[in-house]
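Me: I'm new to reading protein structures, and I'd like to learn where the descriptive words come from. Could you go through this one with me?

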Amino acid sequence: MHDPYRVAGPPVVVTRTGFELLRHFDGRTSLADLAGAVNPADPPVAALATLADALEKGRFLDGPAFQQFLIQPIRPSVCIGVYPAEPVPFHITIQNLFTGQNGPGLPSAGLVTRPVRGVLVPHMDFTRGNVTYGYGFKELIERTDANLFVILATSHYSHARFSLTRMDYATPLGTVETDRRSVDRIAALYGDGVYSDPVAHFPEHSIELEVVILHAMREDRPFRIVPLLVGSFGDCIRDGTEPSEKPDIARMVEVLRRIEAEAGEPVCYLVSGDLAHIGPKFGDPDPVADQVLSVSRRGDERILQAVKAADPAAYFQAVLAEQDRRRICGFPPTWLALSVARPCAGRVLHYQQFVHPEGFESVSFAAAAFDT
């Protein structure tokens, strides 16, 4: 048994009989009763206790070890391998996002004269996302003096609309502080729902990949984050309803605006979201070919026109027009950022389509800046 969400520990091996017994681990049946049901003449209490102990220690049961894991103060890294765990090679990896082929170059230090409201960046692995990350983060580093970053990121694993965490984030350079005051304020103003999925942040890469870059580029300038995962807006697509007309989404827009108004300091928005996901990997029948890529690129261009116009309604209409057939995972966090930050304009800084060599998948992504 293994946990694809990476909340549990290493895999646990169970026998076929043990697997059948697990169906009765319902939190209401004692081991003694279960053992008696298995073999009344010779109840295997010891064997069941050993199995239960292994599952408990591995966090496969809702018990003390699992609950302790949920309340830890620092979220552990889950993307080691995408980037090195050691500081020196980690720094080299991050610098390559800026200095790689056709990259923008490393950010330059200087006075921020025209602050940026926020940026859109990918959350692909660094090998595939490469210099697109650099274009977005160069703009962010050079054009904001904010020390508080609201990270709005695609939620890939949770069914919750919005998921907050109070945990700080571990990186190869130490720990990035989560601004618990702002997180607690959001939770209080929004009401029930933001903690409905307690494991949402543990397996998620979409915030972690942005935090580690920010930490590498701002290592000498302390900052804080507000990490908010944004779940699917699929119901808006299905019924053709503007996200702003959904009470829970509209409430979060107003809450985030209020949080910024109360912050007493500059706030910058970091949007973590990709564009199209097409090909057999995502359920399409045919391998990705040149014609499909061309059509998908034109669809991305329509979406990015809405980004340039800083128009959340136009963004929604572009995704709605194609019924989100290309699976635009950055739609919810980007729409939310545009609605909350209300920038005057957007600029597309870089765009890429990753294509699997055998056409198994293609994922497109962009970097964009949102201006005041």
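Reply: Gladly! Let's begin with a pair of side chains: those of Arg257 and Glu254 meet in a salt bridge, 3.0 Å from N to O. One thing to know early is that this model is predicted, so local features need pLDDT of at least 70 and side-chain atom pairs count only at pLDDT 80 or more, while totals for chains, interfaces and linings use all residues. Residues are numbered from 1 along each chain as its sequence is written, and side-chain values use heavy atoms, leaving out hydrogens and water.

Me: Why is the meeting of Arg257 and Glu254 called a salt bridge?

Reply: The term asks for a side-chain nitrogen of Lys or Arg within 4 Å of a carboxyl oxygen of Asp or Glu. Arg257 and Glu254 have their N and O at 3.0 Å, so the pair fits the definition. In general, side chains of opposite charge can pair when their charged atoms come close.

Me: Where do Arg257 and Glu254 lie?

Reply: Both are in helix α10 (residues 247-263), 3 residues apart, which is about one turn of the helix. The helix label comes from DSSP: helices are runs of H or I with at least four residues, strands are runs of E with at least two, and both are numbered from the N terminus.

Me: What makes Arg257 buried, partly exposed or exposed?

Reply: Its relative accessible area is 22%. Buried means under 20%, exposed means over 50%, and partly exposed is in between, using a 1.4 Å probe and protein chains only. Arg257 is therefore partly exposed, and Glu254, at 46%, counts as partly exposed too.

Me: How do you know whether Arg326 and Glu322 are buried or exposed?

Reply: Arg326 has 10% relative accessibility, so it counts as buried. Glu322 has 11%, so it also counts as buried. These two form a salt bridge as well, with the closest N and O atoms 2.9 Å apart.

Me: How many salt bridges does the structure hold, and which residues are linked in a network?

Reply: The structure holds 29 salt bridges. Arg114, Glu139, Arg143, Arg347 and Asp371 are linked in a network of them. Within that group, Glu139 pairs with Arg143, their closest N and O atoms being 2.4 Å apart, and both of these residues are buried.

Me: Now the helices. Why is α12 called roughly antiparallel to α13?

Reply: Two packed helices are described by the angle between their axes and the distance between the axes. The axes of α12 (residues 312-321) and α13 (residues 331-341) come within 9 Å and cross at roughly 160°. Axes are lines fitted to C-alpha atoms, for helices over the stretch in contact, and angles run from 0 to 180 degrees between N-to-C directions. Angles under 35 degrees count as roughly parallel, over 145 as roughly antiparallel, 65 to 115 as roughly perpendicular and the rest as oblique. That makes α12 roughly antiparallel to α13.

Me: Which residues make the contact of α12 with α13?

Reply: From α12 come Pro312, Ala313, Tyr315, Phe316 and Val319, and from α13 come Phe331, Thr334, Trp335, Leu338 and Ser339. Contact means heavy atoms within 4.5 Å.

Me: What is Ala313 in contact with, leaving aside its neighbours within four places in sequence?

Reply: Ala313 touches Glu242 and Trp335. At 32% relative accessibility, Ala313 counts as partly exposed. Its C-alpha atom is 8.7 Å from that of Ser244, although these two residues are 69 residues apart along the chain.

Me: What makes α5 and α6 roughly parallel or roughly perpendicular?

Reply: The axes of α5 (residues 87-99) and α6 (residues 126-142) come within 7 Å and cross at roughly 70°. That value lies in the range from 65 to 115, which makes α5 roughly perpendicular to α6. Among the residues that meet are Thr93 and Leu97 in α5, and Phe126 and Tyr133 in α6.

Me: And why are α7 and α10 called oblique?

Reply: Helix α7 (residues 180-190) packs against α10 at an angle of about 140°, with their axes 10 Å apart. That angle belongs to none of the named ranges, so it falls under the rest, and α7 and α10 are therefore oblique to each other.
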